[in-house]
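Trainee: I've got a structure to show you, and I'd like to talk it through. Can we go one question at a time?

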Amino acid sequence: MGTVVDATNKGNGSLAIEKKVKVVFVLGGPGSGKGTQCANIVEHFGYTHLSAGDLLRAEIKSGSENGTMIQNMIKEGKIVPSEVTVKLLQRAMEESENDKFLIDGFPRNEENRAAFENVTGIVPEFVLFFDCSEEEMEKRLLSRNQGREDDNIDTIRKRFKVFVDSSLPVIEYYASKEKVRKIDAAKPIGEVFEAVKAIFAPVHEKILILRRGCINNSLTMFKAIQAKPTTKAGCLDVRTAPAIPT
């Protein structure tokens, strides 16, 4: 776990607030289904879902000085500085009563990643990577009826290229630190979530599952032994007894 300090309060005389939080980055190409799975994780495991894009749009809508600056940068075709986005994420974590967060679609590039770790001091627990072929993602994006302007073949392929060029290096960075949990996102939604649950299930639940498996195996073996023929003395006939696994 990392400690997050509200850097947005620094420099204005406010007391910086600290709390320990658990952060999971969620990455995947457009159409990989990460949004759907984030909703499932929130429902089943109690995380708070944060989207960098949603936070930027909300800040613009608020009419704040910061929001106006973000809006002007976007209008001028400029990239919003990583530190601005990171501080919005940081503020959202501080204002939340939760201490577990899914950060969706971020970091988009190495600059984002470095800024997040430098500003917040947080290292993610892991990166949940929804791996899906471009062919499958393209099919999904073209078939969905959301009326999105960017759901046409040319812009979709540009988005794929941006993801490969910018976000894959982030995934490779965390993979080198053994922090990537890759999910086959080409499968049906239910099967994908089963794989996700295996990653998020608490350790004690995994232990219970293993114990149940051992008990079931023992019961199966006991029933098999009882079903085998015995000698007149009531002892197990070793010639027909099942082998006991070692």
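Trainee: Let me start with K34: in which helix is its place?

Mentor: Keep in mind that this is a predicted model. UniProt, in an unreviewed entry, lists K34 under "binding site", along with others including G33 and T36. As for its place, K34 is in helix α1.

Trainee: And is K34 buried or exposed?

Mentor: Look at its surroundings first: leaving aside neighbours within four places in sequence, K34 is in contact with V26, L27, G28, D104, G105 and F130. Its relative accessible area is 17%, and the cut-off for buried is under 20%. So K34 counts as buried.

Trainee: What about G33, is it buried, partly exposed or exposed?

Mentor: G33 is found in the loop between β2 and α1. Its relative accessible area is 28%, and partly exposed is the range between 20% and 50%. That makes G33 partly exposed.

Trainee: N112 is on the UniProt list too. Which residues is N112 in contact with, leaving aside neighbours within four places in sequence?

Mentor: The "binding site" label for N112 comes from an unreviewed UniProt entry. N112 has its place in helix α5, and at 8% relative accessibility it counts as buried. Its contacts beyond those neighbours are S82, V86, F106 and P107.

Trainee: Moving to the inside, which residues have the most contacts in the largest nonpolar core?

Mentor: That core has 22 residues. β2, α4, β4, α5, β5 and α7 each supply at least two of them. F116 touches V23, F25, V86, M93, I103, F106, G121 and I122, not counting residues up to four places away in sequence. The residues with the most contacts inside the core are V23, F25, M93, I103, F106 and F116.

Trainee: Which residues join F116 in an aromatic cluster?

Mentor: One of the cluster's tyrosines, Y173, also has the charged end of R113 over its ring, 3.7 Å from the centre. Together with F116, the cluster is formed by F25, F106, Y173 and Y174.

Trainee: Last one: how many residues apart in sequence are the parts that the Y47 and F200 pair ties together?

Mentor: The structure holds 8 aromatic pairs, and Y47 with F200 is an edge-to-face one, 5.3 Å centre to centre with 90° between the planes. Both residues are buried. Y47 lies in the loop between α1 and β3 and F200 in helix α8, so the pair ties together parts whose separation in sequence is 153 residues.

How values were computed
Residues numbered from 1 in each chain as written. Predicted model: local features only at pLDDT ≥ 70, side-chain atom pairs only at ≥ 80, totals over all residues. Heavy atoms only, no water. Core = buried A, V, L, I, M, F, W, Y, C linked by side-chain atoms within 4.5 Å. Buried < 20%, exposed > 50% of the residue type's maximum accessible area, 1.4 Å probe, protein only. Helix = DSSP H or I, 4+ residues; strand = E, 2+ residues; numbered from the N terminus. Contact = heavy atoms within 4.5 Å. UniProt positions renumbered as here; feature names shortened; annotations may be inferred. Phe/Tyr/Trp six-rings, centres within 6.5 Å; stacked < 30°, edge-to-face > 60°. Lys NZ or Arg CZ within 6 Å of the ring centre and 35° of its normal.
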